[in-house]
Amino acid sequence: AAKAGPPARALSTELIKALEDSDSQVRSRAAFAVGVIGPNVDDALPPLMRLLHDAEPDVRRAAALAISQYGDQAAPAVEELTELIRDSETDVAIAALAALGDIGLKASGSGPVVLEALTDANPSRRAAAVRALAKIEKDTDVLVARLIETLRDDDWSVRKPTAIALAELGPEAVAAVPTLFEVLASREDQPDVERALRKIDA
């Protein structure tokens, strides 16, 4: 990547300072700004990782969302992000799951806690876990088996990302075809399920 010029370096320095400000709103806004600018902010990942432990949920959420912009470069943050899946604040947990999904296969170590989130009482957490699992699970057979389970979820917001994930797997998701047909017959999910079936070519 091209090196940042003096103005960009100055901005990076100011943002790094702001990430460690005593005012939680300043920290949160700085994390948001880093997320908008992305990995071009030099040396921002370590302070962002520290903010994952911040006392304020808005700061933790902003830090997780900013880290998600780093993709697999954020692999050092996997352990901290995995801990946040169990955060008491749903928005924070969802942001952590999104970041793990954006890290991809390098976040596969978070798998057991992501699987745990698939059975959370909150459908928003379950849906976020589905999206994350689809990106971090290395074993396609294991992934399809889990997606077959979540395809039977009572909540549409969970079934939808499940059907999308199966569609993206294409023919590798052939084991899910019988369950997809069950859902097609009994649920209001026709567009997503039909798309998955077309992609699998069933």
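In the predicted model, Ser-12 is located in helix H1, which comprises residues 6–19. Ser-12 counts as buried because its relative accessibility is 6%, against a cut-off of under 20% for burial. Apart from residues up to four places away in sequence, Ser-12 touches Asn-40, Val-41 and Asp-42.

The chain that contains this residue has 12 helices and zero strands. Its order along the sequence is accordingly written α-α-α-α-α-α-α-α-α-α-α-α. The C-alpha trace spans about 60 × 35 × 25 Å along its principal axes. Of the 202 residues in the chain, 47% are buried. Among contacts with a separation of 6 or more, 63% are accounted for by residues 24 or more positions apart.

Two further positions illustrate contacts between separate parts of the sequence. Arg-61 is found in helix H4, residues 57–68. With a relative accessible area of 37%, Arg-61 is classed as partly exposed, since that class lies between the limits of 20% and 50%. Once neighbours within four places in sequence are set aside, the contacts of Arg-61 are with Asp-91, Val-92 and Ala-95. The C-alpha atom of Arg-61 is also separated by 8.5 Å from that of Ile-94, a residue 33 residues apart from Arg-61 along the chain.

Gly-104 occupies the loop between helix H6 (90–103) and helix H7 (111–117). Its relative accessibility is 10%, and Gly-104 therefore counts as buried. Residues up to four places away in sequence aside, Gly-104 touches Lys-135 and Ile-136. Both contacted positions fall within the numbering of helix H8 (123–136). The C-alpha atoms of Gly-104 and Leu-133 are 9.0 Å apart in space, with the two positions 29 residues apart in sequence numbering.

The packing of the C-terminal helices was examined next. Two packed helices are described by the angle between their axes and the distance between the axes. For helix H9 (residues 140–150) and helix H10 (residues 156–169), the axes come within 9 Å and cross at roughly 150°. Angles over 145 degrees count as roughly antiparallel, and H9 and H10 are therefore roughly antiparallel to each other. Their crossing is left-handed. On the H9 side the contact is made by Thr-140, Leu-143, Val-144, Leu-147 and Thr-150, and on the H10 side by Val-158, Arg-159, Thr-162, Ala-165, Leu-166 and Leu-169. Sorted by class, the residues of this contact are seven nonpolar, three polar and one charged.

Within H9, the buried residues are Leu-143, Val-144, Leu-147, Ile-148 and Thr-150. Viewed down the helix axis, these buried residues fall within an arc of 160°, so they line one face of H9. An α-helix has 3.6 residues a turn, so residues three or four places apart point the same way. The cover over the buried residues of H9 includes H8, H10 and H11. Leu-143, Val-144, Leu-147 and Thr-150 are thus named both among the buried residues of H9 and in the contact with H10.

Helix H11 (residues 177–186) has Val-177, Thr-179, Leu-180 and Val-183 as buried residues. These cover an arc of only 160° around the axis, which means that they lie on the same side of H11. The exposed residues Ala-185 and Ser-186 are carried on the face of H11 turned away from its buried side. The partners against which the buried residues of H11 pack are H9, H10 and helix H12 (190–200).

The pairing of H11 with H12 was described in the same terms. H11 and H12 pack at an angle of about 155°, and their axes are 9 Å apart. H11 and H12 are therefore roughly antiparallel to each other. The crossing of these two helices is left-handed. H11 contributes Val-177, Leu-180, Phe-181, Val-183 and Leu-184 to the contact, while H12 contributes Gln-190, Val-193, Glu-194, Ala-196, Leu-197 and Ile-200. The residues in this contact divide into nine nonpolar, one polar and one charged. Val-177, Leu-180 and Val-183, listed in the contact with H12, are also among the buried residues of H11.

Conventions:
Residues numbered from 1 in each chain as written. Predicted model: local features only at pLDDT ≥ 70, side-chain atom pairs only at ≥ 80, totals over all residues. Heavy atoms only, no water. Axes fitted to C-alpha atoms, helices over the stretch in contact; angles between N-to-C directions. Helix = DSSP H or I, 4+ residues; strand = E, 2+ residues; numbered from the N terminus. Parallel < 35°, antiparallel > 145°, perpendicular 65-115°, else oblique. Left-handed = near helix turned anticlockwise from the far one by under 90°. Contact = heavy atoms within 4.5 Å. Nonpolar A, V, L, I, M, F, W, Y, C, P; charged D, E, K, R; others polar. Buried < 20%, exposed > 50% of the residue type's maximum accessible area, 1.4 Å probe, protein only. Arc of directions from axis to C-beta.
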